[in-house]
Amino acid sequence: MHTTQTSLLWAVRDPADREAWISFYRIYAPMIRQFARRMGLSEADSEDVLQEVMVLAHRSLRDGGYDPARGRFRNWLYGIARNRSLMALRARRRRTRVQCTACGDGPDVLGQIEDPAGDQAAAEIWRQEWRYALLGAALEHVRAEVGGKTFEAFVDHAIHRVPVETVAARLGIAPSSVYVYKGRVLEAIREWLARFEDVPDE
Amino acid sequence: MTPEPDPTPAGSADPPPPEVHPPPGAEQAGVESPEDAALLEDLRTVLLREATTTTRADRQTELPCGSRFGGYIVGRLIGEGGMARVYAARDPLSDKPAALKVLKPEYLASREMLERFWREAGSMARIRHDNVVGILGFPQEGDIRAIAMELLAGRSLRHHLDAARLEGRPMPIARAVTWAIQAARGLAAAHAVGMVHRDVKPSNLLFDDAGTLKVADFGAILLMEGATWLTGVGKQIGTPAYMSPEQCRGERVTPASDVYSLGATLFEMVTGRLPFEVEEASPLAVMLKHISEPAPDPRTWREDLPRWLATLISRCLSKDPQSRYPECGALADALQAGAGGVPAEEESIASSPDLIDTETVRRRLAELSHRAIICWACRCARRVQALNEDPRLERALAIAESAAGDADADGTPESIGRMMRRIQTLRGESLDAAYAAADGLASPAAVEAAKAAAAAASCAAARCIEDAAADAAFAARRAVSALHLAGRSVRAFWAAARKDYRRLREFSAGQTGTVGTPIPPDLLDD
């Protein structure tokens with residue numbers, strides 16, 4: 001179990017460490033997939049991009065292609081994901097050009113993404129997906145750590161906004177426990193996030 | 001499992017529980033800092049998104065994959081909203097797919113609401129129209145109630161609009177008009193039996209695999225009144241972007257309210273934007289505009305929009321219901337009359353065997369049983385596997401094929417559980433092998449072949465939790481790339497794949513034997 005981003009990125013360099021690879025895939029695959037989807041790629045193309053990014057990232061990490069001293073991992077991975085997505089978009093453009101000569105020249109998607117403002121939008125999408133993916137991983141971790149009832153109370157009350165009494169009655173706990181559970185889960189999530197927060201390392 | 005000590009209320013800093021139920025969304029117990037609130041909001045998004053792919057078996061009305069409910073075999077969870085979870089399901093008697101919308105108990109708490117709902121559901125079942133998602137029944141077991149509906153393979157209009165927006169290419173007018181007519185005809189059928197949809201918007205307009213538009217989710221809004229405004233998984237929470245002024249004011253809705261909402265949808269189809277957009281996505285600000293601001297002229301954003309259509313849209317968006325088309329039948333007629341002058345859309349692109357439109361393949365495959373999908377994917381991978389010599393891929397493929405064998409027509413929870421346990425192994429194994437192939441000095445063709453096998457394996461793994469058809473389509477595409485690179489005939493591959501597809505399609509549940517049998521590699525050649 002890797003408890004920080006740094007230790008995980010280190011462990012993943014070892015091809016024999018399957019565990020590390022699986023953790024890595026679990027945490028980072030969703031954001032790449034979602035990012036590609038939101039860049040306008042189809043489901044199938046996004047899966048393509050995901051596979052390619054994973055292969056490249058894995059190889060590059062192993063060969064020391066990522067240097068923490070030179071920047072955040074988040075931005076490094078973004079570079080790969082963005083490039084691959086653009087390549088897939090270009091391939092699609094070629095495909096549609098070939099197939100659909102009658103469509104005329106509509107506004108250029110790639111042009112939009114490739115111009116600085118569009119690129120900023122892409123970076124914003126990445127930032128969001130990064131956060132969602134980390135939160136997803138944090139939830140998974142915390143769910144296992146705190147146990148079913150605590151987590152359930154948290155989801156019902158804090159996420160679905162079910163009134164405290166209803167939650168308490170359903171789970172057979174004191175209403176005040178619901179607040180305690182909520183605080184406990186939030187704290188565990190924050191703690192996990194802090195460990196995987198992307199700070200350039202000392 | 002971690003033991004859970006009951007926290008002691010005494011001495012803790014927690015405030016006492018409030019006396020009355022706060023309204024939904026209100027600050028509860030005053031403990032949420034803005035920071036907490038922001039974190040919670042993000043977590044909400046994450047969990048809602050997650051609900052489409054993972055199941056939380058501990059939830060009361062959660063139906064495990066492979067279980068039976070009201071005569072249906074439950075499949076994967078395909079969506080979750082504030083009031084219900086929607087599962088893909090299958091009727092084992094007819095072998096037809098269905099969608100099961102399982103209502104969450106908290107939204108059926110009051111007797112009055114329940115009665116209102118079933119009344120509405122009864123009318124819904126009476127609507128039979130090509131442009132309305134058909135209701136198959138109202139299965140019930142114990143306290144759990146559900147609506148069984150047709151399961152549509154296609155996407156929603158929302159998807160098409162998003163795609164058009166991203167591509168910056170407006171929708172062809174002929175297409176927008178055709179779809180609007182179909183939506184209007186479907187809604188007219190409801191209006192004819194005295195029902196109002198109340199929540200017409202692009203995400204409720206779905207397509208079947210023939211590309212016909214169908215109106216979904218009648219009466220759903222009833223249950224949402226007073227509850228949270230969750231419109232669906234991963235979507236923003238309650239944009240009243242398509243709401244009529246009378247709905248925004250909380251007044252009585254009439255068929256003309258649906259006319260307004262469909263008008264707003266049509267506006268978006270032709271211009272690529274909503275009639276009222278505000279800087280910050282504030283529902284209140286949008287509602288104010290629906291109530292008081294005159295609708296803009298769609299021609300501002302679409303110069304080539306025919307005048308009659310612009311006028312028609314503006315009439316739909318009148319503030320006064322009396323000035324609109326009285327109901328959607330009249331709107332459909334007006335659209336049809338105007339459409340006479342619109343040139344028909346050009347025929348879609350002819351497909352060449354070299355260019356796989358993965359989307360279409362996915363849609364087609366989705367008609368097959370799971371077992372057949374897995375089998376098809378494995379065969380595609382098999383056909384190119386000779387190009388790759390990694391034994392791990394061979395193993396992954398073998399597991400995938402055996403999973404196809406297990407995926408028999410009525411998988412029991414046990415057999416599905418077994419399969420789920422394999423998922424981790426299988427995915428890891430095949431991905432590993434694919435990467436290893438990519439890293440080694442193997443030919444690019446072998447790498448593609450490896451990816452095809454990996455995809456076939458994950459297709460088997462994805463049986464319960466994700467879209468197996470997408471994985472299968474991906475495998476096919478990889479196989480084609482591999483053949484390309486190896487200089488083999490793609491045409492022969494594709495012909496064989498088509499033949500497989502037809503055979504698997506005809507293959508009925510209950511027969512066993514031929515499905516999982518590997519295909520000899522020499523089938524590759526003409």
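# Reading a predicted two-chain model

User: How do I read burial for a single residue, and is B:Gln247 buried or exposed in this model?

Analyst: B:Gln247 is buried, because its relative accessible area is 15% and a residue counts as buried when that value is under 20%. Please keep in mind from the start that this is a predicted model.

User: Where does B:Gln247 sit, and which residues does B:Gln247 touch beyond those up to four places away in sequence?

Analyst: B:Gln247 lies in helix 6 of chain B, which covers residues 245–248. Once residues up to four places away in sequence are set aside, B:Gln247 touches B:Arg198, B:Val253, B:Ser257 and B:Ser261. Sequence distance and spatial distance can also be read side by side: B:Gln247 and B:Ile291 are 44 residues apart in sequence, and their C-alpha atoms are 9.2 Å apart in space.

User: How should I read the secondary structure of each chain, and how many helices and strands does chain A have?

Analyst: Chain A has nine helices and zero strands, and its elements, read from the N terminus, run α-α-α-α-α-α-α-α-α. Chain B has 17 helices and nine strands.

User: What share of each chain is buried?

Analyst: In chain A, 49% of the 202 residues are buried, while in chain B the buried share is 52% of 526 residues. The accessible surface of chain A is about 8,900 Å², with 52% of it belonging to carbon and sulfur atoms, and chain B exposes about 23,400 Å², of which carbon and sulfur atoms supply 53%.

User: How can I check the length of a helix, taking helix 7 of chain A, and what span should its 12 residues have?

Analyst: One multiplies out the expected rise and compares the result with the distance between the end C-alpha atoms. For helix 7 of chain A, residues 148–159, the rise of 1.5 Å a residue gives an expected span of 16 Å, and the end C-alpha atoms are 15 Å apart, which agrees. This helix is mostly covered, with 10 of its 12 residues buried, among them A:Phe151, A:Phe154 and A:Ile159. Just after helix 7 of chain A comes A:Arg161, which takes a positive phi of about 60 degrees.

User: How do I tell whether the buried residues of a helix share a side, and which residues are buried in helix 9 of chain B?

Analyst: An α-helix has 3.6 residues a turn, so residues three or four places apart point the same way. In helix 9 of chain B, residues 307–316, the buried residues are B:Leu309, B:Ala310, B:Leu312, B:Ile313 and B:Cys316. They cover an arc of only 160 degrees around the axis, and therefore they lie on the same side of helix 9 of chain B. These buried residues pack against helix 4 (173–192), helix 7 (255–271) and helix 10 (328–339) of chain B.

User: What does the largest nonpolar core contain, and which residues have the most contacts inside it?

Analyst: The largest nonpolar core has 63 residues, and those with the most contacts inside it are A:Tyr28, A:Phe73, A:Leu77, A:Phe154, A:Ile189 and B:Leu43. Several helices each supply at least two residues of this core, including helix 2 (18–38) and helix 4 (73–99) of chain A and helix 1 (34–50) of chain B. Helix 6 of chain A gives the most, with 13 residues. To see one member closely, take A:Ile189, which touches A:Leu135, A:Ala138, A:Leu139, A:Val142, A:Phe154 and B:Leu43 when residues up to four places away in sequence are not counted. A second, separate core of 57 residues includes B:Val86, B:Ile181, B:Ala184 and B:Phe267.

User: How do I read the confidence values, and where in chain A is the mean pLDDT of an element lowest?

Analyst: One begins with the average for the chain and then looks at its elements. Chain A averages a pLDDT of 76, and 81% of its residues score at least 70. Among its elements, helix 5 (residues 109–114) has the lowest mean pLDDT, 50, and helix 9 (residues 175–196) the highest, 86. Over residues 97–109 of chain A the pLDDT is below 50, and this stretch has 13 contacts in the model beyond near neighbours in sequence.

User: What are the corresponding values for chain B?

Analyst: Chain B averages a pLDDT of 70, with 63% of its residues scoring at least 70. Confidence in chain B is lowest in helix 5 (residues 220–224), at a mean of 46, and highest in helix 7 of chain B, at 94. The pLDDT is below 50 over residues 52–60 of chain B, and it stays under 50 over residues 343–355 of chain B.

Methods. Residues numbered from 1 in each chain as written. Chains lettered and ligands numbered in written order. Predicted model: local features only at pLDDT ≥ 70, side-chain atom pairs only at ≥ 80, totals over all residues. Heavy atoms only, no water. Buried < 20%, exposed > 50% of the residue type's maximum accessible area, 1.4 Å probe, protein only. Areas by Shrake-Rupley, 256 points an atom, 1.4 Å probe, with all protein chains shown as cover. Contact = heavy atoms within 4.5 Å. Arc of directions from axis to C-beta. Expected span 1.5 Å × (residues − 1). pLDDT = per-residue confidence, 0-100. Core = buried A, V, L, I, M, F, W, Y, C linked by side-chain atoms within 4.5 Å.
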